[in-house]
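Reader: I am new to this structure and would like to look closely at a single part of it. Please take your time and connect that part to what surrounds it.

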Amino acid sequence: MKQKHYDYLVVGSGLYGATFARQATDAGKSVLVIDKRDHIAGNVYTKKEHNIHVHVYGAHIFHTNNERVWQYLNRFTKFNRFTNSPVANYKGQLYSLPFNMYTFNQIWGVVTPEEAAAKIEEQRQEIKGEPKNLEEQAISLVGRDIYEKLIKGYTEKQWGRDCTELPSFIIRRLPVRLTFDNNYFNAAYQGIPIGGYTQMVEHMLDGIEVLTGEDYLKDREKWNALADKVVYTGPIDAYFKYELGPLEYRSVRFETETLDIPNFQGNAAVNYTDRETPWTRIIEHKWFEDLGSDKTIISREYSSEWQPGDEPYYPVNDEKNQRLYQAYKEKANQEENVIFGGRLGEYKYYDMDAVTASALEMADRELALNKE
Ligand code: FAD
């Protein structure tokens, strides 16, 4: 039997790959999507257990100010009206995040914005001159009490180093709200896809051929022969067989547990801001979309150093890695008929709305170029 030939082979069924595949298909192109994992949706993949959508690769909260992206994704799902309002747990005391009038009342008992502003101003005076490290920078922005209770432990666990050893530029500014507003993202649109992210991506890929459990890099000649052009959303360094060295990532480890109680912490996200608790936060998945379950599923998140072979999560934004990425990018520019995109293909932290926008823009350019 003659093997079918496609206009595009899309490597990766995450948001970037799914968006491009949808746009190309709608423009009349033939598309095959492959993914090396045994499921679609990339890192936004959700899995239903005990009537709870579990965010398998970490909590994902959709938020955007981009009208086009919002309208686009609403073709494939309805969003609920989830608002991200995390809580901080410091040694058993709970504080509202991001820093707002509730937080200042909990910390100092102050009631008016004027009192809160005066307290912050008084504590900021501790730092004279240019802050020399992250600790001094944080105190110079919000004062010692907030630093000690809500910033220090969390940041040290995230980076695996003391705040006095971290550079000040990591925190350029800290949002301080002198209002009772704990809506973390404050975006025009935010929510969680009703029915889960996986279902949203399923709808995006509706009518498109998809093969899971297929690694492009294991037999690229075979896959290349199937299509005129490849859209590659895997790691750019893996594509080039790490010939210039591996790009580094920061990693997170998740420990997920099902509990025989209906409510563990009463909120989707609780950050543990002391140093002693080994995890940085606990996610309780059911509060993203409450479908009713007599059980609950929680994930403890631990920051960990990334080792080659670990799941790549956050690109490292330092000079060494950016230089290495630029070198890979130059090689990528020489590759004929391959488009590199998405968080791994561009070694870039993208929020979900930004990666969708990026794929839409690339599809606009690419499909206009290839109009028959
Ligand atoms: P991915 O989703 O990673 O998709 C790439 C796909 O390519 C994967 O499925 C992979 O299996 C496949 N692939 C790779 N190599 C190959 C190969 N050789 N052959 C075949 N397939 C291959 N964004 C938000 O807006 N809000 C949030 O709350 C949020 N939380 C996040 C939490 C964490 C812990 C992380 C890491 C990210 C978070 N994000 C969030 C960002 C979001 O995850 C990304 O925007 C999105 O996943 C990027 O989509 P992508 O298609 O570029 O990559």
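Reader: How many bridges join strand β11 (residues 249-259) to β14, and in which sense, parallel or antiparallel, do these strands run?

Author: Before anything else, please keep in mind that this is a predicted model, so that everything below describes a computed picture. Strand β11, which spans residues 249-259, is joined to β14 by 10 bridges, and the two strands run antiparallel. One pair in this arrangement can be named, since Glu255 has Arg300 in β14 as its bridge partner.

This pair of strands belongs to an open sheet of 7 strands with mixed pairing, in which the order is β7-β6-β12-β13-β14-β11-β15. If you follow that order from end to end, you begin and finish at the edge strands, β7 (93-96) and β15 (314-315), each of which pairs on one side only. Helix α6, made of residues 144-159, packs on this sheet and touches β6 (87-90), β7, β12 (269-272) and β14, while its direction makes about 90° with that of β6.

The loops that adjoin these strands are also worth a careful look. The loop between β13 (281-284) and β14 (296-305) holds Phe288, a residue that counts as buried because 25 other C-beta atoms lie within 10 Å, where 20 or more are needed for that label. When residues up to four places away in sequence are left out, Phe288 touches His53, Phe82, Ile192 and Ala268.

Ahead of β11 in the chain is the loop that follows α9 (236-239), and Lys241 is found there. Lys241 has a phi near 55°, which is a positive value in a residue other than glycine, and with 8 C-beta neighbours inside 10 Å it counts as exposed. Tyr242, which lies in the loop between α9 and β11, likewise has a positive phi near 55° without being a glycine, but Tyr242 is partly exposed, with 13 other C-beta atoms within 10 Å. At the edge strand β7 there is another backbone feature to notice, for Pro98 is placed in the loop between β7 and α3 (101-108), and the peptide bond that joins Leu97 and Pro98 is cis, with omega at about -15°.

A second sheet can be set beside this one. It is an open sheet of 5 strands, ordered β9-β2-β1-β10-β16, and its pairing is parallel. Its edges are taken by β9 (209-212) and β16 (338-340), each of which has a single partner strand, so one side of each is left without a neighbour in the sheet. On average, neighbouring strands here are turned by 20° against each other, with direction ignored.

Within this second sheet, strand β10 (residues 227-232) pairs with β16 in the parallel sense over 3 bridges, and β1 and β10 also pair in the parallel sense, over 5 bridges. Val10 has Val231 in β10 as its bridge partner, and Val231 in turn has Ile339 in β16 as a bridge partner, while Val230 stands opposite Val338 in β16. The C-alpha atom of Ile339 also allows a distance to be drawn back to the loop before β14, because Phe288 lies in that loop: the C-alpha atoms of Phe288 and Ile339, 51 residues apart along the chain, are separated by 34 Å.

Leu9, in strand β1 (residues 6-11), gives a view of the interior here, since it is buried, with 24 other C-beta atoms within 10 Å. Apart from its neighbours within four places in sequence, Leu9 is in contact with Leu32, Ile34, Trp223, Leu226, Ala227 and Val230.

Finally, there is a ligand, around which 35 residues are found, and of these Gly12, Gly14, Gly42, Gly234 and Gly342 come nearest. The elements that give two or more residues to this shell are α1 (15-26), β2 (31-35), α11 (342-345) and α12 (352-369). By class, the shell is made up of 17 nonpolar, 11 polar and 7 charged residues.

As for annotation, an unreviewed UniProt entry assigns residues 149-349 to "domain: UDP-galactopyranose mutase C-terminal", and over this stretch the chain is 24% helix and 23% strand, with its end C-alpha atoms 28 Å apart.

How values were computed
Residues are numbered from 1 along each chain as its sequence is written. This is a predicted model: local features need pLDDT of at least 70, side-chain atom pairs count only at pLDDT 80 or more; totals for chains, interfaces and linings use all residues. UniProt positions are given in the numbering used here, feature names are shortened, and annotations may be inferred rather than shown by experiment. Helices (H or I, at least four residues) and strands (E, at least two) are DSSP runs, numbered from the N terminus. A residue is near a molecule or strand if its C-beta atom, placed from the backbone, lies within 6 Å of it. Ala, Val, Leu, Ile, Met, Phe, Trp, Tyr, Cys and Pro count as nonpolar, Asp, Glu, Lys and Arg as charged, and the others, Gly among them, as polar. A residue is buried if 20 or more other C-beta atoms lie within 10 Å of its own, exposed if 12 or fewer, and partly exposed in between; C-beta atoms are placed from the backbone. Two residues are in contact if their C-beta atoms, placed from the backbone, lie within 7 Å. Two strands pair if DSSP finds at least two bridges between them. Axes are lines fitted to C-alpha atoms, for helices over the stretch in contact, and angles run from 0 to 180 degrees between N-to-C directions.
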